[in-house]
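User: I have a structure open and would like to talk through it with you. Could you help me find my way around?

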Amino acid sequence: MRYSRSLDRRTFLRGAGGIAIGLPFLDEMRTRSVWAAPGAAPVRALNIFLGGGVPKVFQLAGLTGPLSPLAPLANKMAFVRGIQGPGGHVLGAGAAFVGQPLVNDTTVGGPSIDNEIMRFAYPTGKPPTPIAVQGAGYYFKFLDNPSRWVHSWDAQGHPAAGLVSDPKLLFANLFGAAPGGMKTPAPVAGMPAAPPQPTPDQKLATSILDTVVGQYQFYMSDASNLSMGSRTKIADHLDAVRQLESRISGASLIGQSGSSKVMTCATPPVPGANLFVGVSHNGAGGGSVVPAADLVASYKVMADTFAMGVACDFFRFGFMEICCAGDGVSLTGPYTVAGQVVDMGAAGESHTTNHAMTDTPTLGATATTHAGWYTHVWLECCSYMIQQLDKYVDANGQTILDNSFVLLGTDLGTNHVGDSVFYAMSKAGGKFKPGIYDVNGPLLGFLSSCKSAMGLGGTPTMTSFIA
């Protein structure tokens with residue numbers, strides 16, 4: 001039966017003062033009739049990066065050959081060719097999600113697009129999540145040059161987050177240490193022994209929320225006369241408090257209440273002990289030597305954990321990368337490229353191989369073929385990360401990928417040239433159209449057009465991919 005739900009402000013404050021601290025404005029504070037409706041998806045923006053570029057000669061073939069890992073996303077993303085970047089690894093990486101010239105190794109020319117979306121969407125400038133921005137992935141050298149491997153920048157052009165390159169560490173940061181993984185340090189001679197560390201269960205045993213359990217139970221019941229939308233707000237609010245308590249205690253961030261997020265939020269499998277961990281260094285030498293299968297498998301474990309972190313609403317903004325700008329790694333062993341098994345060891349070190357193509361590569365040439373193998377590896381990792389976001393469903397019935405602004409980008413076009421830099425973006429709640437689009441304009445114009453479509457203002461100069 002339809003009836004008016006109206007909650008007197010004084011009644012609410014008298015009966016639920018403790019539970020209401022910091023609680024968003026409830027629908028029942030209004031005097032008009034309010035009815036529950038499917039919740040809107042939260043605003044999210046994630047940047048996915050691969051170093052070395054996607055050579056134009058491969059782009060022109062569509063989602064085949066080295067670009068074939070992107071084929072499963074054909075109906076999910078808009079692929080944009082012909083963007084003119086600044087050229088050069090450092091300049092290209094620093095501008096990749098910003099569009100402005102680099103200032104120095106630690107400062108770019110302004111905020112990245114994800115940060116602008118964040119500050120536009122949330123009044124406080126940050127989302128109501130335990131983590132504001134999360135970075136993860138692999139890079140192999142240039143340890144002291146964040147402009148090459150950071151892909152989220154704040155309003156001042158400073159890094160918005162660091163990068164976790166160990167799947168086990170990312171898991172521990174989000175879901176708590178694996179059983180037996182955290183041990184009390186051994187005593188040091190001449191120093192008092194450290195007190196026994198409480199277990200995660202002990203840390204979770206006491207909570208400030210224990211003081212409002214009775215109020216919570218009442219306002220979640222039909223007796224409170226609150227709509228389902230407002231009950232969800234209360235549950236989400238207390239979940240956020242619980243998650244913050246859990247993060248401080250070093251335990252899992254997964255909320256303990258029965259909010260709707262738990263439908264898709266769960267602790268993923270604990271990463272195996274023998275997964276590849278990124279080892280970075282400074283200098284002109286190459287990076288790690290690692291079997292291709294090991295690197296890809298380890299990246300996918302990290303992607304699983306990262307995607308689950310988004311599904312659990314631990315963070316709504318962040319970046320993942322596989323190989324930073326100008327990076328070098330030597331992959332070995334068998335690997336399948338577009339259905340053909342190849343020996344990655346024959347391709348040599350990734351950076352050297354990529355630039356052996358020159359600015360005008362020829363299909364079928366050995367250098368071009370080997371560069372294509374690396375492009376395939378990087379895009380397989382990026383595509384897998386993006387596809388994981390398509391596994392989880394938001395309250396509006398659409399997947400996280402469908403609802404979020406997910407931007408795939410790189411630093412170059414071909415060799416060291418910023419000609420035809422390759423980008424792709426998700427539908428972002430229907431704001432962009434899936435397909436392949438050819439444009440001819442600067443990176444800044446492309447990013448400005450994306451921001452305009454996301455509601456940040458301005459006039460788009462590229463409109464073919466905007467819905």
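User: Let me start with S112: where is the place of S112?

Analyst: Keep in mind that this is a predicted model. S112 sits in the loop that runs between α3 (89–95) and α4 (113–121).

User: And is S112 buried or exposed?

Analyst: S112 is buried, its relative accessible area being 0%.

User: OK, what does the side chain of S112 reach?

Analyst: The side chain of S112 reaches the backbone nitrogen of W153, at 2.8 Å. Setting aside neighbours within four places in sequence, the residues in contact with S112 are F97, V98, H151, S152 and W153.

User: Switching to cysteines, how many disulfides does a search of the whole structure find?

Analyst: The search finds one disulfide. It is formed by C265 and C312, whose sulfur atoms are 2.0 Å apart. This pair links distant parts of the chain, with C265 in the loop between α8 (228–249) and β4 (289–291) and C312 in the loop between α9 and β5 (317–322), 47 residues apart.

User: Why is the disulfide of C265 and C312 called right-handed?

Analyst: Because the torsion about the S-S bond of C265 and C312 is about 100°, the disulfide is right-handed. As for the surroundings, C265 counts as buried at 8% relative accessibility, and C312 is buried as well, with a relative accessible area of 1%.

User: Why is there no bond between C381 and C382?

Analyst: The sulfur of C382 is the closest cysteine sulfur to that of C381, but the distance is 6.8 Å, which is too far for a bond. C381 counts as buried, at 0% relative accessibility.

User: Now the interior: which residues touch the most other members in the largest nonpolar core?

Analyst: That core has 65 residues, and L331, W378 and L408 are the ones that touch the most other members. Helix α9 (residues 292–311) supplies the largest share of this core, eleven residues. Apart from this core lies another one of 46 residues, which includes A78, V150, W153 and C450.

User: What is W378 in contact with, leaving aside its neighbours within four places in sequence?

Analyst: On that basis, W378 is in contact with L50, G51, L295, I322, C323, V329, L331 and S350.

User: I also see a sheet, so to speak. In what order do the seven strands come?

Analyst: The seven strands form an open sheet with mixed pairing, in the order β3-β5-β1-β9-β10-β2-β11. Its edge strands are β3 (133–138) and β11 (435–442), each of which pairs on one side only. Neighbouring strands of this sheet are turned by 15° against each other on average, with direction ignored.

User: How does β10 pair with β2 and β9?

Analyst: Strand β2 (residues 77–84) pairs with β10 in the antiparallel sense over five bridges, and V80 has Y423 in β10 as its bridge partner. Strand β9 (residues 405–410) also runs antiparallel to β10, joined to it by two bridges, and here L408 stands opposite A424.

User: Are the faces of β10 covered or open?

Analyst: Both faces of β10 are covered, with V421, Y423 and M425 buried on one side and F422, A424 and S426 buried on the other.

User: Last one: which strands does helix α13 touch?

Analyst: Helix α13 (residues 443–453) packs on the sheet and touches β2, β9, β10 and β11, and its direction makes about 125° with that of β11.

Notes. Residues numbered from 1 in each chain as written. Predicted model: local features only at pLDDT ≥ 70, side-chain atom pairs only at ≥ 80, totals over all residues. Heavy atoms only, no water. Core = buried A, V, L, I, M, F, W, Y, C linked by side-chain atoms within 4.5 Å. Buried < 20%, exposed > 50% of the residue type's maximum accessible area, 1.4 Å probe, protein only. Helix = DSSP H or I, 4+ residues; strand = E, 2+ residues; numbered from the N terminus. Contact = heavy atoms within 4.5 Å. Polar contact = N/O pair within 3.5 Å; in protein donor to acceptor, adjacent residues only side chain to side chain. Disulfide = S-S within 2.5 Å. Pairing = 2+ DSSP bridges. Axes fitted to C-alpha atoms, helices over the stretch in contact; angles between N-to-C directions.
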